[in-house]
Amino acid sequence: MKVIFFGTPEYAVPSLQAIYDSRHEVVAVVSQPDKAKGRSNKIVPTPIKELAMKYGTKVFQFEKIRKDDVTELLDIPADIIVTCAYGQIIGENVLYAKKHGVINLHGSILPKYRGSSPIQWCLMNGDSVTGVSILRSQIGMDDGPVMAIREIDIEEDDNSITLFDKLSKLSAEMIVPALDDIESGRATFVEQDHEIATKCTMLKPEMGELDFSKSVSEVVGLIKGLASWPNAHITIDSVYFKLYNAKRYNCELNLADYKDGEVVIANSKQGLVIKCSDGFVEITELLPINSKRMTAKSYLNGKRIELGRIVE
């Protein structure tokens with residue numbers, strides 16, 4: 001089939017590459033506008049645009065696809081549109097323009113976690129399983145019928161960074177068989193149970209402000225879920241840390257002996273442990289200001305944090 005691919009970040013690259021490597025033909029690519037990156041503020045192409053340019057594929061970058069003129073795009077002969085982490089809502093003029101419509105690679109087990117940040121929210125909610133759904137896009141947000149779902153377990157040390165990578169690769173494994181089934185007429189689409197659907201809200205920077213009066217599961221979930229952006233963060237003795245991973249710390253310490261947010265352990269053997277409302281959380285990976293990401297134990301191998309400090 002002739003495919004138009006919509007995508008923007010690195011997450012979508014394996015899926016586009018899988019189509020390039022298949023017998024299907026990528027006839028056009030749509031990506032978000034290029035943005036400035038790094039300290040130099042240099043404008044760089046999106047990862048999807050960069051891959052498309054490698055293959056000489058025509059690339060479209062609309063500021064607002066629902067308002068911009070998409071005539072040139074839709075005039076390109078194609079059988080289907082595939083979307084993966086594109087980043088804009090597509091209008092009816094695009095949704096129903098091609099024979100097989102639009103199919104979307106969505107990083108959750110629908111109807112759970114419709115919306116823009118399903119990978120982060122499954123971690124913030126402490127789920128043990130997630131996956132990828134392939135659905136036919138409709139006017140509503142991720143509410144179209146589903147043709148395929150594959151699940152994976154969420155491992156103890158997963159955060160949004162590792163889970164993005166796993167689901168990105170899983171999407172790539174699924175897309176070509178899905179295109180084959182649609183082309184052959186074997187594909188079946190099943191309506192979602194809208195009564196049990198859940199929507200996830202967009203992430204905001206202020207979500208990274210941790211409250212250690214909450215439960216361990218809530219704090220750990222936020223740290224894991226926000227690891228890719230905007231990062232949970234704490235300050236100890238005026239040192240600012242971005243946090244990337246954490247876990248429940250099982251010990252025989254008496255909760256009543258400590259205040260919420262108090263540093264109860266801080267050494268290179270046991271790590272950095274902080275008291276929450278119902279237990280203790282071990283910070284396992286962090287980034288001190290003006291430094292690099294490292295384990296908390298590595299940080300404490302050369303730096304000292306006083307016990308009894310209350311994190312901010």
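The following dialogue examines how the terms applied to this predicted model are justified.

Student: What kind of model is this, and how are its residues numbered?

Tutor: It is a predicted model, in which local features need pLDDT of at least 70 and side-chain atom pairs count only at pLDDT 80 or more, while totals for chains, interfaces and linings use all residues. Residues are numbered from 1 along each chain as its sequence is written, and side-chain values use heavy atoms, with hydrogens and water left out.

Student: How many helices and strands are in the chain, and what makes a run count as one?

Tutor: The chain has eight helices and 17 strands. Both are DSSP runs numbered from the N terminus: a helix is H or I with at least four residues, and a strand is E with at least two. The C-alpha trace spans about 70 × 45 × 35 Å along its principal axes.

Student: What share of the residues counts as buried, and what does the word require?

Tutor: Of the 312 residues, 51% count as buried. Buried means under 20% relative accessible area, exposed means over 50%, and partly exposed lies in between, with a 1.4 Å probe and protein chains only.

Student: Why is the contact of Phe6 and Tyr86 called edge-to-face?

Tutor: Rings of Phe, Tyr and Trp (its six-membered ring) pair if their centres lie within 6.5 Å; planes under 30 degrees apart are stacked, those over 60 are edge-to-face, and the rest are tilted. Six aromatic pairs are found in the whole structure. Phe6 and Tyr86 have their centres 5.1 Å apart and their planes at 85 degrees, and the pair is edge-to-face. Phe6 belongs to strand β1 (residues 2-7) and Tyr86 to the loop between β6 (80-84) and α4 (92-95), so the pair ties together parts 80 residues apart in sequence.

Student: Are Phe6 and Tyr86 buried or exposed?

Tutor: Phe6, at 0% relative accessible area, is buried. Tyr86, at 5%, is buried as well.

Student: What makes Tyr11 and Phe164 an aromatic pair, and which parts of the chain does the pair tie together?

Tutor: The centres of Tyr11 and Phe164 are 5.7 Å apart and the planes meet at 85 degrees, which is an edge-to-face arrangement. Tyr11 lies in the loop between β1 and α1 (13-20), and Phe164 in helix α6 (residues 160-184), so parts 153 residues apart in sequence are tied together. Tyr11 counts as buried at 10% relative accessibility, whereas Phe164 is partly exposed at 24%.

Student: How do you know that Lys49 and Asp34 form a salt bridge?

Tutor: A salt bridge is a side-chain nitrogen of Lys or Arg within 4 Å of a carboxyl oxygen of Asp or Glu. For Lys49 and Asp34 the N to O distance is 2.8 Å, and the pair is therefore a salt bridge. Lys49 is in helix α2 (residues 47-54) and Asp34 in the loop between β2 (25-30) and β3 (35-37), 15 residues apart. Lys49 is buried, with a relative accessible area of 17%, and Asp34 is partly exposed at 24%. The structure holds 14 salt bridges.

Student: Why does the contact of Lys58 with Glu72 count as a salt bridge?

Tutor: Their closest N and O atoms are 3.8 Å apart, so the pair meets the limit. Lys58 lies in the loop between α2 and β5 (59-60) and Glu72 in helix α3 (residues 71-74), so the pair ties together parts 14 residues apart in sequence. Lys58 is partly exposed, at 43%.

Student: What makes Asp260 and Lys275 a salt bridge, and where do they lie?

Tutor: The closest N and O atoms of Asp260 and Lys275 are 2.6 Å apart, and the pair is a salt bridge. Asp260 is in the loop between β13 (239-249) and β14 (263-267), and Lys275 in strand β15 (residues 271-275). Asp260 is partly exposed at 32%; Lys275 is buried at 7%. Elsewhere, salt bridges that share partners join Arg23, Asp180 and Glu183 into one network.

Student: Why is Pro288 called buried?

Tutor: Pro288 has 4% relative accessibility and therefore counts as buried. Pro288 lies in strand β16 (residues 280-288).
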